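Student: I would like to go through a structure and ask why each label applies. Can we begin with the pockets?

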Amino acid sequence: MKAAINIRTDDLISKVDDRLFGSFIEHLGRAVYGGIYDPGHPDADGEGFRQDVIDLVKALNVPVVRYPGGNFVSGYKWEDGTGDKSKRPRRMELAWNSIETNQVGIDEFQSWAKKAGTAVMMAVNLGTRGPAEARDLLEYCNGTTDTYHANLRRQNGFEQPFGIRLWCLGNEMDGPWQMGHKTAYEYGRTACETGKLMKWTDPSVELVACGSSFIGMPTFGEWERTVLRECYDQIDYISLHSYYGNQNNDTPDFFSRALEMDTFIKTVAGICDEIKAEKHHPKTVNLSFDEWNVWFHSHGTQVEPWSVAPPILEDVYTLEDAVLVGSLLITLLNNCDRVKIACLAQLVNVIAPIMTETGGRAWAQTIFWPFLLTSNNGRGTALKTENVCGTYDAASRKAVPFVDSAAVLSEDGETVSLFVVNRSMDEACTPDVTLDGYRPVEQLSVEGDDLKAVNTADAPDTVVPVVRDITDGIVMPPHSWSFIRFAKV
Ligand code: AHR
């Protein structure tokens, strides 16, 4: 199959915000306990954090990690995760029917984040709690005054403020499954009053309001309009969440879901601009796609209720999941003029690129690889790409291009990283890439004959990037995702 990809280094989308390569750790299943924290593990440090897991996180070069939820945050008492560990309460955790031991909390997580070379994106509880508890938490984390909560942090051993800049005003407040679910108006008012108190407490913070939990929510659109009307002054970003699955085992349709992500982003950006115009507001509200991934393999898995760190949402990812994740990253890059933050949900064990055995091995899932290659090579300025290729009709949408791509010019102008998906199920693609002044020097592809191939603890390298010989040109195998580095000539 022939295709043309046309790129010009003077045709820019926007600078890529590094936070586009963020991730997420929730107190859910084995993400924290048995994931990042496993005090009995031979690789655990003095605080109980696994060094082998930190090494894998570092390889992904994740600049920000959202914490502590997710649905969990809507019932969370942040004070439970501070101070003397022996005095911390065990609680019934209603989001995931589990027991929360609180052996890891605000205090420990900021320390883990430093070790992992990342920043915390903190979510506040606007489900069962409200503005007062949110501002107290912010003072605890960032306060410099001689006042109760800042002093509490000092008493707990942290003289220096944590300096957390990015804050989520609750989580998925549009969803009936959420503790403290609200109507758009109720949430918009709460977000406004919470945001006001938080910015008075620390004017340097950036705030993310909850948008819709997915594009198919019955309230999608009206939710964003109402929320933005109520809290536009206070917030900086509105969130989008979306998970994709191949429940019908229809891979061409599954691969087309990146177009749905593109529509979702463009629609929410349009609504932000509509409310900006309505309010004659000078500020542009940008987007935080702070939960996205493939999630469906673990649907229906049963676990013992009220257990500590049960194995929930432990999707084992396939090659085709990795191709879609690569393709979703292409969509995020092509929308980086509006999407400033994105979080691959999640990071360890729970719908995650990194898996562990509690007390045992750690390994990279298939989706680890497109994320690693994009995160490490996709920093700089995104360029527009024109893809000239054939299309196919999928079950849920027509005229899906076989090829999609994104290009990023490095800060020093020396390289262009091209990320490409070939959605054809049976044809390799040999694209003619026009990019004056640059030549291809390296191609790594996530490819293989078996779309259902997975990585496991015993076979961790079944799906890893393949170095392709480009002496005779670029070839993208069927159903593959590729990273191609171009160097200045
Ligand atoms: O990431 C898993 C869950 O998905 C999160 O807790 C919630 O925000 C979303 O519905």
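Student: What makes the lining of the largest pocket nonpolar, polar or charged, by class?

Tutor: By class, that lining has nine nonpolar, six polar and five charged residues. The classes are fixed by residue type: Ala, Val, Leu, Ile, Met, Phe, Trp, Tyr, Cys and Pro count as nonpolar, Asp, Glu, Lys and Arg as charged, and the others, Gly among them, as polar. The model is predicted: local features need pLDDT of at least 70 and side-chain atom pairs pLDDT 80 or more, while totals for chains, interfaces and linings use all residues. Residues are numbered from 1 along each chain as its sequence is written, and side-chain values use heavy atoms, with hydrogens and water left out.

Student: What is a pocket, and how much space lies in the largest pocket?

Tutor: On a 1 Å grid over the protein atoms alone, a pocket is an open set of points where a 1.4 Å probe fits, with protein on both sides within 12 Å along at least five of seven lines; a lining residue has an atom within 4 Å of a point. About 330 Å³ of space lies in the largest pocket, a volume being the space filled by probe spheres set on the points, which are joined across faces, edges and corners. Of its 20 lining residues, the closest to the centre are Glu172, Trp177, Ser213, Tyr243 and Trp295.

Student: Which elements each supply at least two residues of that lining?

Tutor: β9 (237-244) and α8 (257-279) do. Helices (H or I, at least four residues) and strands (E, at least two) are DSSP runs, numbered from the N terminus.

Student: Where is the ligand?

Tutor: The ligand takes the space of the largest pocket. A molecule sits in a pocket if more than half of its atoms lie within 2 Å of its grid points.

Student: Which residues are around the ligand, and why do they count?

Tutor: Among them are Phe24, Gly70, Trp96, Gln346 and Ile351. They count because each has a heavy atom within 4 Å of the ligand.

Student: Why is the pair between the ligand and the side chain of Glu26 called a polar contact?

Tutor: A polar contact is a pair of N or O atoms within 3.5 Å. An oxygen atom of the ligand is 2.6 Å from an N or O atom in the Glu26 side chain, so the pair qualifies. For Glu172, a polar side-chain atom lies 2.7 Å from a ligand oxygen, and for Asn71 a polar backbone atom is 2.9 Å from one.

Student: What is notable in the backbone at Gly70 and Gln346?

Tutor: The peptide bond from Gly69 to Gly70 is cis, with omega near 15°, and Gly70 is in the loop between β3 (64-67) and β4 (91-93). The bond from Ala345 to Gln346 is also cis, with omega near 0°; Gln346 lies in the loop between β11 (339-345) and β12 (354-356).

Conventions
Polar contact = N/O pair within 3.5 Å; in protein donor to acceptor, adjacent residues only side chain to side chain.
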